[in-house]
Amino acid sequence: MPPTDVTTLIRTELPRLAGSLRKVGELILEDPAAVTHCSAAELGRRTGTSQATVTRFCRAIGLDSYQHLLIELAQERGRGEVSDWGTAEIGPDISPDDSLERVVQVVGSADLRAVQQTIDRIDLDAVERAAQATARARRIDVYGVGGSGAVAQETETRLFRIGCAVRGWTEVHAATTSAALLTPADVAIGISHSGVTRETIEPFELAKERGATTIAITADTRSPLARAADVRLVSSSSETSFRTGSIGARHSVLVLIDCLYVRVAQLSYQRASASLALTDHIAGQHAVKSRRTR
């Protein structure tokens, strides 16, 4: 398992769990440090379940045993205590009475943690395969709605600047129409934190049927979007009070997009350099020049 991943894994899997299994996951997320001092039987009692339920929970999230869970929690806590990008003392909760200083600490710590988790778990082979396909693609579709729609548009902006034939689609009818016109020479990128957004999955699956290379950017590797992908890039969440997973994950998703973008620029160096040279002056030409008063 990649470093710092176990609590992210639990948050990802929690919506899939029901009843007693969900209770176990919620208690672990509530106080991971305390859980490291509990036996499986004690955790079962504290959640009103049983030792067998705790063992089933571990297996449901992909761990071999309760001991495996304890090791992962302890290692994650240790990394947090020595790391520059977050501390175990700063939790994700923000109350109405918290100071602005506390808000900045919580939000900043959560975002830095999510970015570091994404870097720790990044699959270099997957990024390379995604970049190779994107660099040689005849056409690139990017699908996303809501918060992921903003990321889809940002992806379009980045790739368009280096000469890629790319379009970000945030409306399902237009996205599906475009997907129907793709070929095996094309690439489709689907962006969804949950991986279950129907408006993104529908054109994404159609793009795959048309033979396009499909690249999923999601936090859930077992989601329908991930299952429909030829290549999966996995992001992490940085939830706090007032920020749901899709909003909290924005920074880590953009890290993946930037890695993909820069690698595509490397692979298509001449085209990318020429495109940037032809466009670099545009922003400067539209800058308002300040007038100095004497």
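In this predicted model, the largest nonpolar core holds 31 residues, and Ile-140, Ile-189 and Ile-191 are the members that touch the most others. Two or more residues of this core come from each of α8 (124-136), β1 (140-143), α9, β3 (187-191), β4, β5 (231-234) and α14, with α14 giving the largest share, 7 residues. Alongside the cores, the model contains 15 salt bridges, some of which are described below.

**Nonpolar cores**

- Leaving aside neighbours within four places in sequence, Ile-189 is in contact with Ile-140, Asp-141, Val-142, Tyr-143, Phe-204, Ile-215, Ile-217 and Leu-260.
- Apart from the largest core lies another one, of 22 residues, which includes Leu-9, Val-35, Ala-40 and Cys-58.

**The salt bridge between Arg-222 and Glu-13**

- Arg-222 pairs with Glu-13 in a salt bridge whose closest N and O atoms are 2.8 Å apart.
- Because Arg-222 lies in the loop between β4 (213-218) and α12 (224-227), while Glu-13 belongs to helix α1 (residues 6-13), the pair ties together parts that are 209 residues apart in sequence.
- The two partners differ in their exposure, since Arg-222 is partly exposed with a relative accessible area of 41%, whereas Glu-13 counts as buried at 4% relative accessibility.

**The salt bridge between Asp-258 and Arg-158**

- Asp-258 forms a salt bridge with Arg-158, and the closest N and O atoms of this pair are 2.6 Å apart.
- Asp-258 sits in helix α14 (residues 250-267) and Arg-158 in helix α9 (residues 147-161), so this pair ties together parts that are 100 residues apart in sequence.
- Asp-258 is partly exposed, with a relative accessible area of 31%, whereas Arg-158, at 17% relative accessibility, counts as buried because the cut-off for that class is under 20%.
- Turning back to Glu-13 and Arg-222, salt bridges that share partners join these two residues with Arg-16 and Asp-220 into one network.

**The salt bridge between Asp-141 and Arg-139**

- Asp-141, which is also listed among the contacts of Ile-189, forms a salt bridge with Arg-139, the closest N and O atoms being 3.8 Å apart.
- That distance is accepted because a salt bridge is counted when the nitrogen and the carboxyl oxygen lie within 4 Å.
- Asp-141 is buried, with a relative accessible area of 1%, while Arg-139 is partly exposed, with a relative accessible area of 22%.

Methods. Residues are numbered from 1 along each chain as its sequence is written. This is a predicted model: local features need pLDDT of at least 70, side-chain atom pairs count only at pLDDT 80 or more; totals for chains, interfaces and linings use all residues. Side-chain values use heavy atoms; hydrogens and water are left out. A salt bridge is a side-chain nitrogen of Lys or Arg within 4 Å of a carboxyl oxygen of Asp or Glu. Helices (H or I, at least four residues) and strands (E, at least two) are DSSP runs, numbered from the N terminus. Buried means under 20% relative accessible area, exposed over 50%, partly exposed in between (1.4 Å probe, protein chains only). A nonpolar core is a set of buried Ala, Val, Leu, Ile, Met, Phe, Trp, Tyr and Cys residues joined through side-chain atoms within 4.5 Å. Contact means heavy atoms within 4.5 Å.
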